[in-house]
Structures are given as C-alpha cells and as structure tokens.
Amino acid sequence: MATGRLAARVAIVTGAAQGLGATYAEALAAEGARVCVADVLDAEPVAAAIRGAGGQAIAAACDVTDPASVRAMVDATVRAFDGVDILVNNAALFAKLALSRCSRSRAPSGTG
Ligand SMILES: NC(=O)c1ccc[n+]([C@@H]2O[C@H](COP(=O)([O-])OP(=O)(O)OC[C@H]3O[C@@H](n4cnc5c(N)ncnc54)[C@H](O)[C@@H]3O)[C@@H](O)[C@H]2O)c1
C-alpha cells in the first residue's frame with residue numbers, strides 16, 4: 001500500500017518523457033500517487049524508473065494537440081488506475097523552439 005501525501009491519488013503528467021515533466025511525475029510518485037507518464041516521445045523509461053523505485057506508473061503515447069490521442073490516454077489511465085485526480089498539463093515546446101520557426105506576427109516584440 002502506497003504511503004505519502006498523495007497515496008491513492010491518480011495523476012497524469014503530460015510531456016513527461018523528459019525534463020520538468022519527468023521530474024513532476026517522479027515527485028508525484030514519490031508522494032504515493034499512481035502516475036500516467038504521457039508524451040509524444042517514449043515515456044516508458046520514466047514509468048519504468050518510477051516502478052523500479054517502488055512506485056506505480058504507466059507510460060502512454062499522447063499528443064496533447066490531438067483530442068482523440070488525449071482521450072485514449074485518459075481512458076488508459078482510468079483502466080489502469082480507476083480514475084484521475086490530478087492533471088499536470090506540462091507538455092509544450094519552449095526553449096528549444098528556434099525563433100526562425102516563429103512567424104513574425106507571433107514573435108515577441110522586437111525579435112521578429
Ligand atoms: N525549462 C524551463 O526553463 C521552462 C521555463 C518556463 C516554462 N517551461 C515550461 O515547462 C514545460 C516543460 O519544459 P521542459 O524544459 O521540461 O521541456 P522539454 O522540452 O525538456 O520537455 C517537454 C516535453 O513535452 C513533450 N511534448 C511536446 N509537445 C508535446 C505534445 N504535443 N504532446 C505531448 N507531449 C509533448 C516533449 O516530447 C518533451 O518530452 C514546458 O511547457 C515549458 O514551456 C519551462
């Protein structure tokens with residue numbers, strides 16, 4: 001039986017195959033949450049590391065821009081853990097998005 005502040009809670013973390021999302025997923029699991037580690041990339045190594053540390057986790061392929069993909073990920077979480085209590089909607093592109101890929105209208109003021 002899991003112990004910790006989040007024992008019996010179920011969490012989904014998007015963009016959790018690496019970076020901050022993986023850290024959120026591991027921290028939630030360390031507090032006893034059962035975690036769905038969701039990403040467009042392979043999230044199984046993060047889920048396996050959580051299980052290896054004694055936690056409970058599944059990996060799910062999920063593109064947060066695709067409603068059907070999100071629905072399938074949530075369904076897989078509910079099947080595995082019987083509900084969802086927490087969503088960490090972390091997935092996004094950030095520092096690695098080159099300015100050259102931004103349109104002029106969307107670029108921050110003075111950089112476009
Ligand atoms: N790192 C920072 O300094 C910083 C600062 C402010 C905000 N943020 C935000 O924090 C979040 C994570 O940042 P990070 O540095 O860990 O980024 P990261 O690039 O290391 O990780 C982002 C993860 O999101 C996944 N992802 C991207 N698009 C996705 C999609 N459509 N569906 C599902 N998964 C998707 C990627 O595959 C990746 O695993 C981002 O939302 C970012 O904007 C980061």
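Modeller: Before we start: a residue counts as buried if 20 or more other C-beta atoms lie within 10 Å of its own. And please keep in mind that this is a predicted model.

Colleague: Thanks! With that in hand, what makes you call β2 mostly covered?

Modeller: Six of its six residues are buried. R34, C36 and A38 point one way from the strand, while V35, V37 and D39 point the other way. Every one of these residues is buried, so each has 20 or more other C-beta atoms within 10 Å of its own.

Colleague: And what about β1: how many of its residues are buried?

Modeller: Five of its five, and β1 too is mostly covered. V10, I12 and T14 face one way, A11 and V13 the other, and all are buried.

Colleague: How do you know which strands pair with β2?

Modeller: Two strands pair if there are at least two bridges between them. Between β2 (residues 34-39) and β3 there are six bridges, in the parallel sense. β1 and β2 have five bridges, again parallel. Both counts meet the cut-off of at least two, so both are pairs. To find them in the structure, look for V37 opposite A59 in β3, and for A11 of β1, whose bridge partner in β2 is V35.

Colleague: How many bridges does β4 make with β1?

Modeller: Three, in the parallel sense. The cut-off is at least two bridges, so β1 and β4 pair as well. One spot to look at is V13, which stands opposite V88 in β4.

Colleague: So what is the order of the strands in the sheet?

Modeller: This is an open sheet of four strands, ordered β3-β2-β1-β4, with parallel pairing.

Colleague: Why are β3 and β4 said to stand at the edges?

Modeller: β3 (56-61) and β4 (86-88) each have a single partner strand, so one side of each is left without a neighbour in the sheet. From one strand to the next, the twist averages 20 degrees.

Colleague: Which helix does the chain pass through between β1 and β2, and what is the hand of that crossover?

Modeller: The chain goes from β1 through α1 to β2, and this β-α-β crossover is right-handed. Helix α1 (residues 19-30) lies across β1 (10-14), β2, β3 and β4, running at about 170 degrees to β1.

Colleague: Where does C36 of β2 find its bridge partner?

Modeller: In β3, at I58. The chain gets from β2 to β3 through helix α2 (residues 44-52), in a β-α-β crossover that is right-handed.

Colleague: Now to α3. How do you know its length fits what is expected?

Modeller: α3 has 15 residues and reaches 21 Å from its first C-alpha to its last. That is close to the 21 Å expected at 1.5 Å a residue.

Colleague: Why do you say that its buried residues line one face of the helix?

Modeller: The buried residues of α3 are M73, T77 and F81. Seen down the axis of α3, they fall within an arc of 40 degrees, so they line one face. In general, an α-helix has 3.6 residues a turn, so residues three or four places apart point the same way.

Colleague: What do those buried residues pack against, and which residues of α3 are exposed on the other side?

Modeller: The buried residues pack against β1, β2 and β3. On the other side of α3, P67, A68, R71, D75 and R79 are exposed. Exposed here means 12 or fewer other C-beta atoms within 10 Å. Following α3 comes D82, with a positive phi near 65 degrees.

How values were computed
Residues are numbered from 1 along each chain as its sequence is written. This is a predicted model: local features need pLDDT of at least 70, side-chain atom pairs count only at pLDDT 80 or more; totals for chains, interfaces and linings use all residues. Axes are lines fitted to C-alpha atoms, for helices over the stretch in contact, and angles run from 0 to 180 degrees between N-to-C directions. Two residues are in contact if their C-beta atoms, placed from the backbone, lie within 7 Å. A crossover is right-handed if, with the strands pointing away from the viewer, the path from the first strand over the helix to the second runs clockwise. The expected span of a helix is 1.5 Å times one less than its number of residues. The arc is that of the directions from the helix axis to the C-beta atoms.
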